[in-house]
Amino acid sequence: MLQKDQMTAKLLCFSSILLSGLSFWVFLPQPSRAQDSNFGQVGVEPGKRAVVKGSTGGTTSLPAVVGNVDRDRNKCLGFGDPKPDHIVQLKGQFSTITFKVESNGQDTTLVVMAPNGDLRCGDDTGSKKDAVIRDSDLKAGSYKVWVGSAEPGAQINYRLMIQGN
């Protein structure tokens, strides 16, 4: 009987050591989550404007990442990174909104993915090569935005302006 009590005591001691080690591990600093976008997040409220900066440079076909056409049958074009460049938090319902790339006339493309997966794709605006998307009735939520280039790997610095009512 003494041997059984000794084994129980050893097992309790081992369990105690194991649990204290686990509790120590739980309180160690955990590695940070990978960033959800290349250039961070921005919040936009109706009636306000947000401007963020970034640069293109990826070699991945954006249609391969998001799809060939958007919900209005516009072609999705360009090259970029598989990870979105920006996460745009729309804070409220927007009756109209514009996503506009300003890149000193460089040839850019634009893709916006709604929280429900709906796509909006934009390319040149008139005689300018900067991409733009104008839309209506966007709901509050987290939108993924890719700014692409017409040529794979092209390094284009840009400003992305988001504004709506």
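This report walks through a five-stranded open sheet in a predicted model.

## Ground rules

Residues are counted from 1 along each chain as its sequence is written. Because the model is predicted, local features need pLDDT of at least 70 and side-chain atom pairs count only at pLDDT 80 or more, while totals for chains, interfaces and linings use all residues; side-chain values use heavy atoms, with hydrogens and water left out.

## The sheet as a whole

Follow the open sheet across and you will meet its five strands in the order β2-β12-β6-β10-β9, with antiparallel pairing. Strands here are DSSP runs of E with at least two residues, numbered from the N terminus, and two of them pair if DSSP finds at least two bridges between them. The edges belong to β2 (49-55) and β9, each of which pairs on one side only.

## Around strand β6

Strand β6 (residues 94-102) runs antiparallel to β10 (residues 128-138), and six bridges join them. To find your way along this pairing, look for Thr96, whose bridge partner in β10 is Ser136, and for Ile97, which stands opposite Asp135.

Strand β6 also runs antiparallel to β12 (residues 157-164), again joined by six bridges. A handy landmark here is Glu102, which stands opposite Arg159 in β12.

## Out to the β9 edge

Besides β6, strand β10 pairs with β9 (residues 124-125), in the antiparallel sense and over two bridges. Here Asp124 has Ala131 of β10 as its bridge partner.

Key:
Helices (H or I, at least four residues) and strands (E, at least two) are DSSP runs, numbered from the N terminus.
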